[in-house]
Each structure stands twice: as structure tokens, then as C-alpha cells.
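Hi,

Here is the structure I said I would pass on to you. Have a look first, and then read on for what turned up in it.

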Amino acid sequence: MTVNARSTDLASLWMPFTPNRRFKAQPRMIERATGCHYVLEDGRRLFDSISGLWCSPLGHGHRRIVEAVQRQLVEVDYSPAFQMGYRPAFDLAARIAAFAGRPDDKVFFTNSGSEAVDTALKIAVGYHRARGDAARTRLIGRERGYHGVGIGGISVGGIVPNRRAFSSMMIPGVDHLPHTYNRAETAFTRGQPAWGAHLADDLERLIALHDASTIAAVIVEPVAGSTGVLPPPIGYLERLRDICTRHGILLIFDEVITGFGRLGVPFAADAFAVCPDMLTFAKAVTNAVIPLGGVIVSPQIHDAFMSGPDHLIELAHGYTYSGHPMAMAAGHAALDALTTDGLIARAATLAPLLADAMHSLQGTPGVVDIRSIGLMAAIDLDPIPGKPGLRGTQVFEAALDQGLYIRLTGDTLAVAPPFVAEESDIQQIAPQIMAAIAAAG
Ligand code: PLP
């Protein structure tokens, strides 16, 4: 890999979730993004096997979105989010609710997944308070969960390095369910593992410990994404739903990765036929062209806030950029493309090809597990003893030389290709990963 001679130029930017020193010693700079590929400044052409950061399922430079955003820029560049309305925001909210199969639900717009999560947690606590149940403030997350980087999100999240440095800032009264991963029981499973539904019963233990009357909500990713694609055990989400319902606890699905077609259906809630009280979304809602996130909220929750004098604000929460016109334009265009171009069905068609390709790596030296569901999959590599994350980094870097951009977390590699990828692109991923593992040694 070439070392960029201008690396001192890079000093000012503090990069997010990146080993800054290693990156700046060997920068990899994206110069162009077209379709399913990135082209780097050094000329390497990479297949974008993770749709940016799980967020660009329609590929890059999608004509419909480009044109919509260009038009929007000259029509209304910004419209105040508070006390004034912009009709495309109302329309997109209605379209998203209908797309989720929940036409009576309400949609609250944010700018990111992290904000969507913190918004959902605030709505949960506010809902119980509005109903006179103000003692219900406790939130339950899950080990290995990723819910962004807001204070609420890291509190309910369960990725240790994201929490360690900030323990004094966590919101009080949060507890965690166990994660659902057990390599001995589930290694190399395609789709949902048969083992593990009983782990949902741990919620009963937390309820016995804290008492249901103190618990506002449970939040989980229906498929844990960032930690390395952990599909839910068969029956697990149903059990969580049942326990929450019996105890008056709200169930929130964080669908920032799974929303908008990743599992071959609109939301993971559809894939697993489990109906949460709220769903968070972001990323693919605009194909990541303009930042947008949001929360889909059941009418019962929304209506609990709609009391008191009607000149007063019902929910003291929102962002300067909630429902930003540029994001609305990108959102409408992305939803048009997803629905009218049949791309969710295409994701469903490509899913078994991806699973076949990834599971063909079973038996490759150093590969200790492979998981897949919908159009997403992950591979666990055997860590180098005493150096967690180093093998993953080396394989990630070697993959770039093979023409493949993948997602790295620790020693886990994840893929979630664009829905517009060619079958040949998908079939190429496994040999590229195999070559990268061999090259990394
Ligand atoms: N929730 C989940 C499930 C995510 O995967 C992510 C990001 O990957 C987030 C929340 C945070 O989203 P953002 O990075 O847009 O704040």
C-alpha cells in the first residue's frame, strides 16, 4: 500500500471510529463513488460490499435521488422545523408509516440513527409519565447492542469500548439483557439459529429484580448489526414481545440497519412478524445521500401526549434540522426507487446468493464462524493471540488490494451489499475475502 506523502495535510481532521494514527500513516482516500463502486485517489477500484456503512442500498449516484436533491436545492433549501410546516415532510411521514405497514403511526424526524434512538427513549419515558405512570423510567438494552453514540444510545448499548470511557455520563437505571450469541451452539448457522429463544426469558428476571412498574422500555436491534450480524434466535423476539406486553413495557426495535429492505422486506418487524411499539430508522431512508433518521411511533403512544391546552408544546423535543427539505427530497426519491424499481424484492433474490457465497468460506483457515440473514452476513476471524482486532485490520487492508471494501469491527468482517449489485459482484466477494485472508497471513 502506498504511503501518502501529503499525510501532514490530514492532521486537522479527527476521524470518527477510526484508528487515526494508522489511517494517517497509510491513508485511503475515496475520490469517486458510482453505482456499487468506490474509486480511491490511488486508482484502486473497490466493490462497496457494505453499502457505505450499511446505508446506500441503491448504490452511489442514483439518478432519481441526484435529480430530486438538485431540484430541491433551488426550491426550498431550508424550512424552519418548529412552528412552521413543509408539506413534503408530512407526506414523507405518511409514506414511511404506510411503507412500514403501520399507516396510523406517527413519524418523528431526526438527522441520524443516534438521535432516533435517543428520541425513542425520551418518547418512551414521556409516554408513561403522560399516562400518570411516572415511575416507569428504567430502560433495558442488550449486551453487544449498538444504538449509536448519544448518551441514551451508549447507555442502552452494549459495545464495551463505546461505553468504558463514559461510564459517569450514562443515564441511571439502565439494565441489559444477555446477548444471543453462543458459538458452541450456533456456529455457521444460516439465518436464525434454532438455539437461544430462552434468552428472552432473562427479561422476566430483570422484571423480578426491578419490578415492572419501574421499567419504561426494552430496546433491541432485531438483527444485531454493528457487533457482527447476530440474527435473533427463532422465537426470541416473539417472547420479548409477549413479556413486554404482559408487563406494560414498550418494545422498541432499532431498525437503523434493518429498515428499508435489508432483510428483503420493508422492516425486520415484517420479517419476524413481531410488532414493536416504536421503530427507529436512518441510513437507507435517504440512501444516505442526505442525513435523516426518525422514529415510527404507535398511535397509542402519540395520543397519550396529546392532552393539555392546545397552544402548548406536547413533546419538548426536536432538532433544527428535523424534516430538513433536502432530506425530505432524498427520502421521497429513495422510497420511490425502492418501491417502484422492485429493489426490495431484488434484495430478497440476492440474499441466498450472498449466503451461499459467504458460507462457502467455511473451512478457510482462521475463519471461526459465519452468519447470514437477508442481504447481510459476517465472518469471525480467529484473533491473533494477545492482539485482538489486528487480524481483522490486516484482512480489511488486504481486501482493499483485492478490490473489496468490507466493514470491520474487531476481528469480525461484515458485508451488506447494495440491492442493485450484480450477481457476479456478490459471487466475487468470497474469493476476494479468501485472497485477503491468505495475503494477510
Ligand atoms: N442504531 C443502530 C442499530 C445502528 O446500526 C446505528 C449505526 O450504525 C445507529 C443506531 C446510529 O446511527 P448514526 O450513526 O446515524 O447515528
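Let me start with one pair of residues: Tyr 38 has Leu 46, in β3, as its bridge partner. Please keep in mind that this is a predicted model. The two strands behind that pair are β2 (residues 37-40) and β3 (residues 45-48), which run antiparallel and are joined by 3 bridges.

Zooming out from there, β2 and β3 belong to an open sheet of 4 strands, in the order β1-β2-β3-β13 and with mixed pairing. The edges are taken by β1 (30-34) and β13 (404-405); each has a single partner strand, so one side of each is left without a neighbour in the sheet.

Next, the domains. The assignment splits the chain into domain 1, made up of 7-61 + 342-440, and domain 2, covering 76-340. Their centres, taken over C-alpha atoms, are 26 Å apart. Where they touch, 30 residues of domain 1 are in contact with 30 residues of domain 2. On the domain 1 side, at least two residues each come from α2 (51-54), α14 (343-359), β11 (367-373), β12 (376-381) and β15 (412-415). Of these, α14 gives the most, with 7 residues. By class, that side of domain 1 divides into 19 nonpolar, 8 polar and 3 charged residues.

There is also a helix pair you may want to look at. Helix α4 (residues 87-99) packs against helix α13 (residues 325-340) at an angle of about 35°, and their axes are 10 Å apart. The crossing is left-handed. From α4 you'll find Pro 88, Ala 89, Leu 92, Arg 95 and Phe 99, which meet Pro 325, Met 328, Ala 329, Gly 331, His 332 and Leu 335 in α13. Sorted by class, the residues of this contact come out as 8 nonpolar, 2 polar and 1 charged.

Last, the ligand. What surrounds it? A shell of 15 residues, with Ser 112, Gly 113, Ser 114, Gly 148 and Val 256 the closest. Helix α5 (residues 113-130) supplies the largest share of that shell, 3 residues. As for its make-up, the shell has 8 polar, 5 nonpolar and 2 charged residues.

If you only have a few minutes, I'd go to the ligand shell and then to the side of domain 1 that touches domain 2, where α14 gives the most.

Cheers

Key. Residues are numbered from 1 along each chain as its sequence is written. This is a predicted model: local features need pLDDT of at least 70, side-chain atom pairs count only at pLDDT 80 or more; totals for chains, interfaces and linings use all residues. A residue is near a molecule or strand if its C-beta atom, placed from the backbone, lies within 6 Å of it. Ala, Val, Leu, Ile, Met, Phe, Trp, Tyr, Cys and Pro count as nonpolar, Asp, Glu, Lys and Arg as charged, and the others, Gly among them, as polar. Axes are lines fitted to C-alpha atoms, for helices over the stretch in contact, and angles run from 0 to 180 degrees between N-to-C directions. A crossing is left-handed if the near helix is turned anticlockwise from the far one by less than a right angle, and right-handed if clockwise. Two residues are in contact if their C-beta atoms, placed from the backbone, lie within 7 Å. Domain bounds come from an automatic or database domain assignment. Two strands pair if DSSP finds at least two bridges between them.
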